[in-house]
Amino acid sequence: MTPDSMYPPVDLRSDTVTLPTEQMYDRIASAPLGDDGLDGDPTALELEAEAARLLGKEAALYVPSATMANLLAILAQAGRQEVVLAEAASHIYVTERGAAALTGSFYQGIAGVDGAMDLGLLAQALGPGRNKLRTGLVCLETSHNNAGGAVLPLTHMQAVFAVARDAGAAVHLDGARLMNAAVALGVPAAEITAFADTVSLCLSKGLSAPMGAVLAGPTDTIQRARWHRKLLGGSQRQVGIAAAAGLVAITTMVGRLADDHAVARRLAHGIGQLRGLSANEPQTNIVQVDVSATGLDAAQWEAALRKLGVLARTWGRHKLRCVTHRHTGEREIDTALEVFRAVAASAA
């Protein structure tokens, strides 16, 4: 909190700022450990088994980050000089496609709306053509970060899965915030992942583990991913210390994500009442705020909010991104709205 701040700090930059729960610390302290690079860490193995069950897959692999999980999914399923298709605003395409330097694959964006790629364009990209490279993998994302936490309809995912299968391509789901999508849809995660061969899940966002992610899929695919993890330096030794928190995350923290969605709607509604501001109608825990009509750009808004104790992120020149999590309850949201109101008034 800066000397000028009138309010306690409210951190809306990301749900990655969540801290471990007391139950996680207790599980860490008592976790049985082994060498995951040799014959296995028992706590990591337990996490992998539980994650595979939760996600409806044969096997799972614990990795340091969801970015690595996505990379391993591509390495294990798309060959060099094959194409990886992804929605044009997805995290894999916008932020992670530099991994082509490692994968040797060619990344191609497919335009979409609210994170759902255009099925006609997808079919065209997958269709036959002279001198056309084979598509090895189609990537989906739900909830969709750049689309304001939008959740893909299951009918859309089913259609993508079908057209990819017909073309001989596998499907990977970037499910960094998959559990937010499952809670929003009111279905078990496995009903979503049924329309993907592999799926990544981040444990350190709303689920509040301090680090880590899992990649789940068929046993042979996960075995290939485990080999690639070793090549990338992702094998860790007594990693059960971190995996223990991940176990608590996937077994106790999913249901409460509905609270994050509720306060996100509260924040978006309140912001929408302020002159010059508009916000999306969040399906999950991400609120995108359009500041273009206020006379200040996003960077100026970010600085003004920060001065008063509210942390947000710029999301382009005229947008802010605010993400709710278990440290932002109704009181914190009300404080944030007071600060937004104060900045809006000063900009008028």
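**Exercise 1.** Does Q81 count as buried or exposed?

*Solution.* The structure is a predicted model, in which local features need pLDDT of at least 70, side-chain atom pairs count only at pLDDT 80 or more, and totals for chains, interfaces and linings use all residues. Residues are numbered from 1 along each chain as its sequence is written, and side-chain values use heavy atoms, with hydrogens and water left out.

Step 1. Locate the residue: Q81 sits in the loop between α3 (66-77) and β3 (83-87). Helices are DSSP runs of H or I with at least four residues, strands are runs of E with at least two, and both are numbered from the N terminus.

Step 2. Apply the cut-offs: buried means under 20% relative accessible area, exposed over 50%, and partly exposed in between, with a 1.4 Å probe and protein chains only. Because its relative accessibility is 56%, Q81 counts as exposed.

Step 3. Note the backbone: Q81 is not a glycine, yet its phi is positive, at about 70°.

**Exercise 2.** Describe the packing of α6 against α7.

*Solution.* Step 1. Two packed helices are described by the angle between their axes and the distance between the axes. Axes are lines fitted to C-alpha atoms, for helices over the stretch in contact, and angles run from 0 to 180 degrees between N-to-C directions.

Step 2. The axes of α6 (residues 119-126) and α7 (residues 154-166) come within 10 Å and cross at roughly 15°. The two helices are therefore roughly parallel to each other (angles under 35 degrees count as roughly parallel, over 145 as roughly antiparallel, 65 to 115 as roughly perpendicular and the rest as oblique).

Step 3. Contact means heavy atoms within 4.5 Å. On the α6 side, L119, L122, A123 and L126 meet H156, A159, V160, V163 and A164 of α7.

**Exercise 3.** Work out the strand order of the open sheet and identify its edges.

*Solution.* Step 1. Two strands pair if DSSP finds at least two bridges between them. Four strands make up the open sheet, in the order β11-β12-β15-β14, with antiparallel pairing.

Step 2. β11 (278-279) and β14 (313-314) each have a single partner strand and stand at the edges, so one side of each is left without a neighbour in the sheet.

Step 3. Within the sheet, β12 (residues 286-290) and β15 (residues 319-323) pair in the antiparallel sense over five bridges. D290 stands opposite K319 in β15.

Step 4. Helix α12 (residues 257-272) lies across β11, β12 and β15, and runs at about 10° to β12.
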